[in-house]
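Visitor: I've got a structure here, and I'd like someone to walk me through its empty spaces. Could you show me around?

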Amino acid sequence: MDNTNPQKDTNNLQERDGFASRLGIIAAAAGSAIGLGNIWRFPYITGQYGGAAFILIYLICIVLMGMPLMISEFAIGRMAQKNAIGSFKKLAPHTYWFLIGVMGIAGAIMILAFYGVVSGWCIDYVVRSATNAFAGKSTESIIHMFDGLITHTWMPLLWQFVFMILTGIIVIAGIQNGIEKYAKILMPLLLLIIIILDIRAVTLPGAKEGLSFLFKPDFTKLSTEVMFVALGHAFFSLSIGMGTMITYGSYIGKRENLGVTALQVTIADTLVALLAGVAIFPAVFAFGINPTEGPGLAFITLPVVFQQMPFGNVFGTLFFLLLVVAALTSSISILEVIVAYFSEELKMSRKKATILSTTIVTLIGIPASLSNGPVLSNFKILGFGFMDLLDYVSANILLPIGGLLILAFGGWYLGREKMERELTNGGTIQSNYLSIFMILTKFIAPIGIALVFLKGLGFM
Ligand code: TRP
């Protein structure tokens, strides 16, 4: 993914397998969006912030703010043919707009630091499922196993290193294309297992309570904090607000319909999150697990559900393995943002840039992992453990600010004419959504983000 020579690069992309095909583009962008955000983060914060009412706000954020932002990112990236920082430098030379990209780098480092830790837990769960470690265990002892893992000092670090090294190798070798080719087959397989899990979950005795928790909103649970967290998660799950989709936009061919691509990615991402919710919450209530359990929710509930299925350990092993693959297609997209900056703006070789950024991110991940265990559990910043702090600040603060600024850049700085040219592929395709897109991009989405953000932080 070397895009130092944009013209040549676009031509290459046309010939290259993977990105050249329609499905390849969607697989790459959807591969970035679909990851731990859908299967780990979405269920646990839905549990903590009140279920259906939270989901409703989350869906509203996706439609009103997420969609216009993803379309804007794609358009900016494809227009500039550059990375997250280079795009702003090229489209707005001699201005400070490139600072959006700089903020994106900070966000990328923070997100990947804890993302690597949680992905490490998934690798551990592959091993546990494969060795049948959950068989015949009570819910209690499965909770105990999870706590044992994350509070352990070196075990999660070992898996985190394995995951980060895998991410680095894929990015150095430039085989994103290769991995996306596999992802095209493996991700539908993950979806299939989730659907099988859904069927098992909704037929559990007591499943109904979980379904109404997910789909019957209790509006007394709404608060500014719920909206704040829902907005942050919408951006996290869609991989927007940080320049990832700007970088991916630069790889999308000039003949593709950006609006349609964004819509497909958004639908796929939202569907996977909701289906993961349906796999988890009926079981949460059926087995008396606490919905506000926190980051362990999926790691506790899913092994319990697998146990209720024939060949549960086989399904479990396959599921966690595919989850690791889903996490990898997301982690490479986060690392790519940092590597593109180091290599293109700081003029480093791609290999050096990847080794350096992987090392930085992994080192920051170490205290994040240790903050779950005895070594650093008493070390709190603003009341958060270090890992929770990285998660909360990056998703709820950096992504919305980045998103707001990117919308302002697309809607106000570039303006309708340039955006329209990009979104209609120079007038060759119709995009009758343009007027509504511009209203959302210039007014509704930025004002919505600003309100939720300022209220959420207590400034209003
Ligand atoms: N969206 C991914 C997930 O749900 C994580 C991710 C990848 C991301 N790239 C990102 C989050 C950029 C924020 C910004 O797991």
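**Pockets, a cavity and a ligand**

Guide: The lining of the largest pocket breaks down into 13 nonpolar, two polar and one charged residues. This is a predicted model, where local features need pLDDT of at least 70, side-chain atom pairs count only at pLDDT 80 or more, and totals for chains, interfaces and linings use all residues. Residues are numbered from 1 along each chain as its sequence is written, and side-chain values use heavy atoms, leaving out hydrogens and water.

Visitor: What makes a residue count as nonpolar, polar or charged?

Guide: Ala, Val, Leu, Ile, Met, Phe, Trp, Tyr, Cys and Pro are nonpolar, Asp, Glu, Lys and Arg are charged, and the others, Gly among them, are polar. Of the 16 lining residues, A30, I34, M187, P188 and A268 lie nearest the centre of the largest pocket, so by that rule these five count as nonpolar.

Visitor: Which helix gives the most to that lining?

Guide: That's α9, with six residues. Helices here are DSSP runs (H or I, at least four residues), numbered from the N terminus. α9 spans 176–202.

Visitor: Why is one space called a cavity and another a pocket?

Guide: On a 1 Å grid over the protein atoms alone, a cavity is a set of points where a 1.4 Å probe fits but cannot get out, while a pocket is an open set with protein on both sides within 12 Å along at least five of seven lines; lining residues have an atom within 4 Å of a point. By this rule there are three cavities of 30 Å³ or more. The largest cavity has a volume of about 140 Å³, and about 360 Å³ lies in the largest pocket. A volume is the space filled by probe spheres set on the points, which are joined across faces, edges and corners.

Visitor: Where does the ligand sit?

Guide: In the largest cavity. To earn that phrase, more than half of a molecule's atoms must lie within 2 Å of the grid points.

Visitor: What makes the pair at G37 a polar contact?

Guide: The term needs a pair of N or O atoms within 3.5 Å. A backbone N or O atom of G37 lies 2.8 Å from an oxygen atom of the ligand, so the pair qualifies. A33 has a backbone N or O atom 2.9 Å from a ligand oxygen, so that pair passes too.

Key
Helices (H or I, at least four residues) and strands (E, at least two) are DSSP runs, numbered from the N terminus. A polar contact is a pair of N or O atoms within 3.5 Å; within protein, one must be able to donate a hydrogen and the other to accept it, and residues adjacent in sequence count only if both atoms are side-chain atoms.
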